[in-house]
Amino acid sequence: TKVTMDKRYAWSVPKDWTLEQAATIPVVYATAYYALVVRGQIKRGDKVLIHAGTGGVGTAAIAIAYSYDCEVFTTVSSNDKRNYLKNLFPK
């Protein structure tokens with residue numbers, strides 16, 4: 001009847017999110033992490049190309065790549081999406 005959780009793998013769900021919405025976050029980050037770190041074996045300073053950077057996995061991949069101090073290149077399908085990413089990742 002009890003569960004012990006590791007606080008490193010938990011966070012508070014914002015009040016304006018449903019639990020279903022919050023459940024999508026670990027999925028996209030796990031997918032991006034697996035692709036870049038586990039399979040792709042990125043290293044600090046690598047150059048990374050991410051297709052469809054405004055999608056869930058694409059946005060997570062950009063965040064992960066930046067956390068490894070990588071140079072990121074991404075594709076987008078419109079100027080609005082390009083501006084969105086520039087605002088989200090002003091670096």
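User: In what order do the elements of the chain run from the N terminus on?

Analyst: In this predicted model, the elements follow the order α-β-α-β-α, starting at the N terminus. The secondary structure amounts to 3 helices and 2 strands. Along the principal axes, the C-alpha atoms occupy a box of roughly 50 × 30 × 20 Å.

User: How is burial to be read, and what percentage of the chain counts as buried?

Analyst: A residue counts as buried when its relative accessible area is under 20%. Of the 91 residues in this chain, 22% count as buried. Valine 72 serves as an example: it is found in strand β2, and it counts as buried because its relative accessibility is 17%. In sequence, valine 72 and leucine 49 are 23 residues apart, whereas their C-alpha atoms are 6.1 Å apart in space.

User: How does one find empty space in a model, and which residues line the largest pocket here?

Analyst: A probe the size of a water molecule, rolled over the atoms, shows where space is left empty. Here the largest pocket holds about 240 Å³ of space. Its lining consists of Ile62, Tyr66, Val72, Thr74, Val76, Arg82, Leu85, Lys86, Phe89, Pro90 and Lys91. The elements that supply two or more of these lining residues are α2 (56-67), β2 (71-74) and α3 (79-88).

User: Which element gives the most to that lining, and what is the make-up of the lining by class?

Analyst: Helix α3 gives the most, with 3 residues. By class, the lining of the largest pocket comprises 7 nonpolar, 1 polar and 3 charged residues.

User: How should salt bridges be read, and how many does the structure hold?

Analyst: Side chains of opposite charge can pair when their charged atoms come close. The structure holds 2 salt bridges. In one of them, the side chains of aspartate 6 and arginine 8 meet at 2.6 Å, N to O. Aspartate 6 counts as partly exposed because its relative accessible area is 32%, while arginine 8, at 64%, is exposed.

User: Which residue forms a salt bridge with arginine 44, and where do the two partners lie?

Analyst: Arginine 44 pairs with aspartate 69, and their closest N and O atoms are 3.7 Å apart. This pair links distant parts of the chain, 25 residues apart: arginine 44 lies in the loop between α1 and β1 (47-50), and aspartate 69 in the loop between α2 and β2. Arginine 44 counts as exposed, since its relative accessibility is 56%; aspartate 69, at 49%, is partly exposed.

User: Which residues other than glycine have a positive phi?

Analyst: Aspartate 69 is one of them, with a positive phi of about 55 degrees although it is not a glycine. Alanine 52 also has a positive value, with phi near 60 degrees. Alanine 52 lies in the loop between β1 and α2, and its relative accessibility of 37% is why it counts as partly exposed.

User: Finally, which residues form a nonpolar patch on the surface?

Analyst: The patch is formed by Trp11, Val13, Trp17 and Leu19, which together have about 410 Å² of accessible area. A residue must have over 30% relative accessible area to be included in a patch. Tryptophan 17 illustrates this, being partly exposed at 34% relative accessibility. Tryptophan 17 is placed in the segment before α1 (19-39).

Methods. Residues numbered from 1 in each chain as written. Predicted model: local features only at pLDDT ≥ 70, side-chain atom pairs only at ≥ 80, totals over all residues. Heavy atoms only, no water. 1 Å grid on protein atoms, 1.4 Å probe; cavity = no way out; pocket = protein on both sides within 12 Å on 5 of 7 lines; lining within 4 Å. Points joined across faces, edges and corners; volume = space filled by probe spheres on them. Helix = DSSP H or I, 4+ residues; strand = E, 2+ residues; numbered from the N terminus. Nonpolar A, V, L, I, M, F, W, Y, C, P; charged D, E, K, R; others polar. Patch = residues over 30% accessible without salt bridge, like charges linked within 9 Å, V, L, I, M, F, W, Y side chains within 5 Å. Areas by Shrake-Rupley, 256 points an atom, 1.4 Å probe, with all protein chains shown as cover. Salt bridge = Lys/Arg side-chain N within 4 Å of Asp/Glu carboxyl O. Buried < 20%, exposed > 50% of the residue type's maximum accessible area, 1.4 Å probe, protein only.
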